[in-house]
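The following exercises concern the model shown below. Each task is followed by a worked solution.

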Amino acid sequence: MSPILAVQGLGKRFQGLVANTDIAFTLQPGEIRSIIGPNGAGKTTFISLISGHLTPTTGRILYKGSDVTGLSVARRAQLGIARKFQTPSLFDSLSAYENIELAVLRSRPRSRGHAARIGEVLELVRLADQRHAVAKHLSHGQRQWLEIGLLLANNAELLLLDEPTAGMTAEETHATGILVRSLAREFGLSAIIIEHDINFIRDLDAPVTVLHLGRVLVEGSFAAVAADPRVRDVYLGNG
Ligand SMILES: Nc1ncnc2c1ncn2[C@@H]1O[C@H](COP(=O)(O)OP(=O)(O)OP(=O)(O)O)[C@@H](O)[C@H]1O
Ligand SMILES: [Mg+2]
């Protein structure tokens with residue numbers, strides 16, 4: 001299987017500050033990857049380089065085998081690279097259904113079967129029962145899921161999630177793990193998830209990449225990474 005994402009020699013400098021250095025990273029279709037690392041390790045920078053919100057200083061980004069390094073955020077989004085921001089870009093006074101409807105109409109203006117697609121997306125993000133609820137009345141967690149629904153409606157294939165469970169209750173955090181896993185398993189979506197919540201990362205049970213000082217420090221299963229003395233030194237041990 002050819003990777004959905006292959007990153008080679010990726011680096012980003014902000015004036016004198018090196019935020020990412022020589023990162024090699026590969027993700028398969030349907031794979032979930034967790035990214036952990038201390039504050040300032042370069043995790044958000046890495047995702048911003050993939051989404052196109054930042055331009056790399058060195059290296060290249062291949063998406064489905066094509067070089068997307070020079071493409072705009074909008075063009076990458078059209079190709080399926082979908083970044084979720086912490087503050088949802090919802091229409092607060094519209095219902096969950098109407099929010100998804102707008103995204104579906106925008107991404108598939110000329111196709112049929114919109115109602116079925118909207119229903120499918122609401123089902124996927126566990127908001128089928130809340131379809132008529134106005135977005136501003138949804139819980140924090142539900143609003144985050146609706147935001148993921150907008151990405152799905154926009155034909156996302158690679159989800160980039162930066163601390164998606166921040167501010168969620170334990171129950172919502174758990175449900176988010178189940179949601180992401182089902183998107184990967186049942187629909188073949190790929191996802192890169194940055195999280196500080198180590199319990200969430202453990203439950204997700206996906207391969208983990210540890211960033212430290214802008215570099216990949218260790219990569220492996222959660223168990224292998226958690227047991228690695230280098231990781232304990234820079235991160236887990238300090239908690
Ligand atoms: N736009 C920017 N201009 C200058 N420096 C930046 C910029 N964005 C990030 N940095 C710096 O790059 C380094 C990596 O930042 P980044 O936000 O990628 O870390 P992070 O791993 O996401 O941290 P956190 O866990 O706190 O979110 C930090 O030293 C940060 O101050
Ligand atoms: Mg960050």
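**Exercise 1.** How many aromatic pairs does the count come to in this predicted model?

*Solution.* Ring centres must lie within 6.5 Å to pair. By this rule, the count comes to one aromatic pair.

**Exercise 2.** Identify the residue that lies over the face of Phe 25, and verify the distance criterion.

*Solution.* The residue is Arg 33, at 4.7 Å from the ring centre of Phe 25. The criterion asks that CZ of Arg be within 6 Å of the ring centre.

**Exercise 3.** Locate the largest nonpolar core relative to the domains.

*Solution.* Step 1: this core has 49 residues, and Ile 100, Leu 146, Leu 152, Leu 159, Leu 183 and Ile 193 have the most contacts inside it. Step 2: helix H5 (residues 140–153) gives the most to the core, namely seven residues. Step 3: because domain 1 (1–80 + 157–239) and domain 2 (88–155) both give residues to the core, it lies between them. Step 4: a second, separate core has 22 residues, including Leu 5, Ile 35, Ile 47 and Leu 160.

**Exercise 4.** Determine which strands stand at the edges of the open sheet.

*Solution.* Step 1: the sheet has four strands in the order S2-S1-S4-S5, with antiparallel pairing. Step 2: S2 (17–27) and S5 (66–67) each have a single partner strand, so they stand at the edges, and one side of each is left without a neighbour in the sheet. Step 3: elsewhere in the sheet, five bridges join S1 (residues 5–14) to S4 (residues 58–63). Step 4: Leu 5 has Tyr 63 as its bridge partner in S4.

How values were computed. Residues numbered from 1 in each chain as written. Chains lettered and ligands numbered in written order. Predicted model: local features only at pLDDT ≥ 70, side-chain atom pairs only at ≥ 80, totals over all residues. Heavy atoms only, no water. Phe/Tyr/Trp six-rings, centres within 6.5 Å; stacked < 30°, edge-to-face > 60°. Lys NZ or Arg CZ within 6 Å of the ring centre and 35° of its normal. Core = buried A, V, L, I, M, F, W, Y, C linked by side-chain atoms within 4.5 Å. Buried < 20%, exposed > 50% of the residue type's maximum accessible area, 1.4 Å probe, protein only. Helix = DSSP H or I, 4+ residues; strand = E, 2+ residues; numbered from the N terminus. Domains from an automatic or database assignment. Pairing = 2+ DSSP bridges.
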